[in-house]
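User: I'm a first-year student, and I'd like a close look at one part of this structure. Could you walk me through a single helix and the pieces around it?

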Amino acid sequence: MTHPDKLYFSKQAKVSKLDLVRYYLSVAPGALAGIEDRPIVLKRFVNGAEGESFYQKRAPAERPAWLRTVVLSFPSGRTAEEVVVDDAAGLAWIVNLGCIELHPHPVRSRDLEHPDELRVDLDPGPGVNWADVRLVALEVKAMLEEMGLRGWPKTSGSRGMHVNVRIHPRWTFGEVRRAAVALSRAVERRVPALASSKWWKEERHGVFLDYNQNAKDRTTCSAYSVRPLADARVSAPLHWHDVPKCEPADFTIFTIPKRFQEFGDAHAGMNEAPGSLEPLLELAAKDEAAGLADAPWPPHFRRMQGEAPRVAPSRARSAAKPRTKMPLVVVANSPDREAALAGLERWKSKHPEAAGLLAVDDVLVDSMRGRSSTWTRIRVNLRHVPEAIRPPQEIPDPDDDPTREWRQWRSKK
C-alpha cells in the first residue's frame, strides 16, 4: 500500500486509506459478489472523500500481472480496456488507487453485450422524505413480483435506494433499458403522488426512478461501496423486511463489518434466481401501442429511434402555442458539491425576496457527469416568483464547469 496513513475522511469520521482497505477486506465476500467477473470503472478520490473525484475507464498501464482486463465498446464508438476484479487482492489494489466507491458494469466478462442485471435507482428530489423512498421501494418490489422477478434492495449510501434484479443474459442493453422504462412508468401509475418516471427535472416530483442507469456505459455503486459522505456511509444490502424501518445513517464502515459477521450477506442468493424480462417487455409494448414514446436518453447518446424530442418541455415548440421557457437561472457550477451549495446560499442572501417564495422542488441540484469527472450544477426555478422581482441570470458563483472547454472544442469540430 502507498500512504496507508493518509486520511480519506477527516471532517466527521476519521478514516485512513488503510482503514478503508481493512473495511473492504472485512466484507470481501459480499463486496466481491457485486463486482467479480465484471469490468469496473475506477472512480478515484486521490485526495480523499472531500477532494475531487474522476472516472478512469482505462486500466492503469502499471498493474499486477494477475489482474484481468477486458475491452469494452461504448456508444461513442470508442473502446477501453477495463479492470476486472476477481478476488480480495484485486479489491485491495483498486482501493489503494483511491477507489472509495465500486462501479461495476452490469455485464460479465464472458458476454459484454448482454447485461445480467436490471438496476432500479430510486433518486429522491429535494425535500423528499426518506419514508417516501421506502414506500416507493416497496411498490417496486410488488411490481417486480407481478412480473415474475425478484428484487434485491440496498441503500444507495446517500439519500436513495437501489433495487437490483438478476436476469438471464439474453437481452441487449437497449432491451434492458426498455424494460426499466416500462417498470418506472408502471410504478409511477401505481403511486403518482410519490413516484416519477419523468427525465426532465422540471417535470419531476417525489422519487425519480432513473431508468437510464440501464443504458450502456452507465454504472452505479455496488453493494458495500463506501460513499464520500462525512460519516463514511455504505451502500448496504437489505432484506425486504429491513426496508420499512431502515435508516441510511445506520450503515457505515464502522457498523457494516459487525453486521456482515453476524448476519452474512443479505444478497447472498441473488445469482440463484435469474428471471425473464419478457413480462416487462410486453408491458413496454403496450405502452408504445398506447402512444407512449421512448423516454429521453442521456444527453451524450445519439438520438434513438422512437425517442421523444430530446428537449425540456419548457423549451419545446408546440403547434398550438408559441415556445415558452421555464424561468430557470443557473446559480452555481463546481466540481465541489459543498462549494456549489455555498454558492446557492450566497444567491439566496443576495435575493432574499425571491428566495422566500421558492418551493422545495424549485431548487434543482444536478449531479453532472462529464467525460471523466463529476460536478454539481445548481439551478433555481423562478416560476413562483412574480416576474417583476425575478433576479436575472448572473454569472454563477462559483462558475467552474469542467466540461465547458471540452464542449467548446466539440462545437468547433
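Analyst: Happy to help; what follows is a walk around helix α8 and its surroundings, with a few stops elsewhere in the chain.

Before we start, keep in mind that this is a predicted model. The chain averages a pLDDT of 90, and 91% of the residues score at least 70. One stretch calls for care: over residues 319-323 the pLDDT stays under 50, and there the model has three contacts beyond four places in sequence. Where pLDDT is low, the predicted coordinates should not be read in detail.

Now to the helix. α8 covers residues 337-350, which makes 14 residues. At 1.5 Å a residue it should span 20 Å, and its end C-alpha atoms are indeed 20 Å apart, so the expected and modelled lengths agree. At the start of α8, a side-chain oxygen of Asp336 comes to within 3.0 Å of the backbone nitrogen of Glu338.

Which residues of α8 are buried? They are Ala340, Gly343, Leu344 and Trp347. These residues cover an arc of only 105° around the axis, which puts them on the same side of α8. There is a simple rule to remember here: an α-helix has 3.6 residues a turn, so residues three or four places apart point the same way.

What do these buried residues pack against? Their neighbours are β13 (328-334), α9 (352-355), β14 (363-369) and β15 (374-381).

Let's follow β13 next. Five of its seven residues are buried, so β13 is largely enclosed by the rest of the structure. β13 and β15 run antiparallel and are joined by six bridges. To find your place in this pairing, look for Val330, which stands opposite Arg379 in β15. While you are looking at strands, remember that in a regular strand the side chains alternate between the two faces of the sheet.

After β15 comes a loop that leads to α10 (404-411), and His384 lies in it. Is His384 buried or exposed? With a relative accessible area of 42%, His384 is partly exposed. Leaving aside residues up to four places away in sequence, His384 touches Leu357, Ala359 and Asp362. With Asp362 there is also a polar contact of 2.7 Å between the two side chains. The C-alpha atoms of His384 and Ala354 are separated by 8.6 Å, although these residues are 30 residues apart along the chain.

Further along, the loop between β15 and α10 also holds Pro398. A cis peptide bond joins Asp397 and Pro398, with omega at about 0°. Asp399 lies in this loop between β15 and α10 too, and it is partly exposed, with a relative accessible area of 32%.

Asp399 brings us back to where we began. Its side chain makes a polar contact of 3.1 Å with the side chain of Asn333. The C-alpha atoms of Asp399 and Ala340 are separated by 8.8 Å, while the two residues are 59 residues apart along the chain. Ala340, you may recall, is one of the buried residues of α8.

For comparison, here is another helix. α5 (residues 173-190) has 18 residues and should span 26 Å at 1.5 Å a residue; its end C-alpha atoms are 26 Å apart, which agrees. α5 is mostly covered, with 13 of its 18 residues buried.

There is also an open sheet of five strands to find, in the order β9-β10-β8-β12-β11 and with mixed pairing. β9 (151-155) and β11 (195-196) stand at the edges, each with a single partner strand, so one side of each is left without a neighbour in the sheet. β11 pairs with β12 (residues 207-209) in the parallel sense over two bridges, and Ser196 stands opposite Phe208 in β12.

Finally, two backbone details are worth a look. Tyr224, in the loop between β12 and α6 (256-263), has a phi near 75°, a positive value in a residue other than glycine. Tyr224 is buried, with a relative accessible area of 3%. His3, in the segment before β1 (7-9), has a positive phi of about 50° although it is not a glycine. At 58% relative accessibility, His3 counts as exposed.

Note on methods:
Residues are numbered from 1 along each chain as its sequence is written. This is a predicted model: local features need pLDDT of at least 70, side-chain atom pairs count only at pLDDT 80 or more; totals for chains, interfaces and linings use all residues. Side-chain values use heavy atoms; hydrogens and water are left out. Helices (H or I, at least four residues) and strands (E, at least two) are DSSP runs, numbered from the N terminus. The expected span of a helix is 1.5 Å times one less than its number of residues. Buried means under 20% relative accessible area, exposed over 50%, partly exposed in between (1.4 Å probe, protein chains only). The arc is that of the directions from the helix axis to the C-beta atoms. Contact means heavy atoms within 4.5 Å. A polar contact is a pair of N or O atoms within 3.5 Å; within protein, one must be able to donate a hydrogen and the other to accept it, and residues adjacent in sequence count only if both atoms are side-chain atoms. pLDDT is the predictor's confidence in each residue, from 0 to 100. Two strands pair if DSSP finds at least two bridges between them.
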